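Please open the model in a viewer and keep the selection tool at hand. The tour below moves from stop to stop, saying what to select and what is found there.

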Amino acid sequence: MTFEDDLQASVRTIPDYPKPGVMFRDITTLLGDARAFRRAVDQLVHPWAGSKIDKVAGIEARGFILGGAVAHQVSAGFVPIRKKGKLPHQTVRMAYALEYGTDEMEMHVDAIHPGERVILVDDLIATGGTAEGAVKLLRQIGANVVAACFIIDLPDLGGAAKLRAMDVPVRTLMAFGGH
């Protein structure tokens, strides 16, 4: 069994959630398996081991869990990217596309300094709207987005390709067809 097969076995698939026809990829089972969680974090950070990374930005909510662990591994600070209205200090905001409409995300205005090297982390990349918005938000305040990392890619939906077109290297650990 390959690393990817082993890791995929730790992800639970829930059919028809949140709507009919969708195969929801639930990483809570991976997070609950100490060995799988450790291996996933180690593989996410592997390309940057020994590199200078200033901050890891995690997208709410599962990106917080993974991003905190990645930040620890690369000895970087952690920056939460949250939905509008959740942060207590002065923020910068970016609208992003959802499957059916738009939403806004924000981060503290002083969380990242211009030129800092940042890795963006979330659990899954699908259409890429949220990740694209996060990259734009980070760049808006001057971050050098070194890469975006995800446990799961849904390549049929094109999100990873969208980030690569923005000159952001994308690291994923596994892919599932469909959506």
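The model is a predicted one. Begin by selecting Tyr17, which is partly exposed, with a relative accessible area of 44%.

**Stop 1: the aromatic pairs**

Two aromatic pairs are present in the structure. A pair of aromatic rings is described by the distance of the centres and the angle of the planes. Add Phe24 to the selection of Tyr17: the ring centres lie 5.3 Å apart and the planes stand at 90°, so this pair is edge-to-face. The angle decides the matter, because planes over 60 degrees apart count as edge-to-face. Phe24 is partly exposed, with a relative accessible area of 24%.

Next select Phe64 and Phe78. These two residues also form an edge-to-face aromatic pair, with 6.0 Å from centre to centre and 80° between the planes. Phe64 belongs to helix 4 and Phe78 to strand 4 (residues 77-83), so that the pair links distant parts of the chain, 14 residues apart. Phe64 has a relative accessible area of 25% and is partly exposed; Phe78 is partly exposed at 31%.

**Stop 2: two helices that cross**

Two packed helices are described by the angle between their axes and the distance between the axes. Select helix 3 (residues 34-45) together with helix 4 (residues 62-73): their axes come within 10 Å and cross at roughly 60°. The crossing of helix 3 and helix 4 is right-handed.

Which residues make the contact? On helix 3, select Phe37, Arg38, Val41, Asp42, Leu44 and Val45; on helix 4, select Ile65, Leu66, Ala69, Val70 and Gln73. Of the residues in this contact of helix 3 with helix 4, eight are nonpolar, one is polar and two are charged.

Now centre the view on Ala69, in helix 4. Leaving aside neighbours within four places in sequence, Ala69 is in contact with Phe37 and Val41. For a distance across the model, select the C-alpha atoms of Ala69 and Leu173: the two residues are 104 residues apart along the chain, and these atoms are separated by 16 Å.

**Stop 3: salt bridges**

A search of the whole structure finds eleven salt bridges. Select Asp6 and Arg35, which form one of them, with the closest N and O atoms 3.1 Å apart. Asp6 lies in helix 1 (residues 3-8) and Arg35 in helix 3, so the pair ties together parts that are 29 residues apart in sequence. Asp6 is partly exposed at 23% relative accessibility, whereas Arg35 is exposed, with a relative accessible area of 53%.

Keep Asp6 selected and add Arg39. The side chains of Arg39 and Asp6 meet in a salt bridge at 2.4 Å, N to O. This pair links Arg39 in helix 3 to Asp6 in helix 1, 33 residues apart. Arg39 is partly exposed, with a relative accessible area of 26%.

Move on to Asp26 and Arg12, a salt bridge in which the closest N and O atoms are 2.9 Å apart. Asp26 is in strand 2 (residues 23-26) and Arg12 in strand 1 (residues 12-15), so the pair ties together parts that are 14 residues apart in sequence. Is Asp26 buried or exposed? Asp26 is buried, with a relative accessible area of 9%, while Arg12 is partly exposed at 41%. Before leaving this stop, select Asp6, Arg35 and Arg39 together: salt bridges that share partners join these residues into one network.

**Stop 4: unusual backbone angles**

Most residues other than glycine have a negative phi, and most peptide bonds are trans. Return to Tyr17 and add Pro18: a cis peptide bond joins them, with omega about 5°. Pro18 has its place in the loop between strand 1 and strand 2. Then select Glu60 and Ala61, which are also joined by a cis peptide bond, with omega about 0°. Ala61 lies in the loop between strand 3 (55-59) and helix 4.

Select Ser75 next, in the loop between helix 4 and strand 4. Phi of Ser75 is near 55°, a positive value in a residue other than glycine. Ser75 counts as exposed, at 66% relative accessibility.

End the tour at Asp167, in the loop between helix 6 (159-165) and strand 9 (170-175). Asp167 has a positive phi of about 65° although it is not a glycine. Asp167 is exposed, with a relative accessible area of 66%.

Definitions and conventions:
Residues are numbered from 1 along each chain as its sequence is written. This is a predicted model: local features need pLDDT of at least 70, side-chain atom pairs count only at pLDDT 80 or more; totals for chains, interfaces and linings use all residues. Side-chain values use heavy atoms; hydrogens and water are left out. Axes are lines fitted to C-alpha atoms, for helices over the stretch in contact, and angles run from 0 to 180 degrees between N-to-C directions. Helices (H or I, at least four residues) and strands (E, at least two) are DSSP runs, numbered from the N terminus. A crossing is left-handed if the near helix is turned anticlockwise from the far one by less than a right angle, and right-handed if clockwise. Contact means heavy atoms within 4.5 Å. Ala, Val, Leu, Ile, Met, Phe, Trp, Tyr, Cys and Pro count as nonpolar, Asp, Glu, Lys and Arg as charged, and the others, Gly among them, as polar. Rings of Phe, Tyr and Trp (its six-membered ring) pair if their centres lie within 6.5 Å; planes under 30 degrees apart count as stacked, over 60 as edge-to-face and the rest as tilted. Buried means under 20% relative accessible area, exposed over 50%, partly exposed in between (1.4 Å probe, protein chains only). A salt bridge is a side-chain nitrogen of Lys or Arg within 4 Å of a carboxyl oxygen of Asp or Glu.
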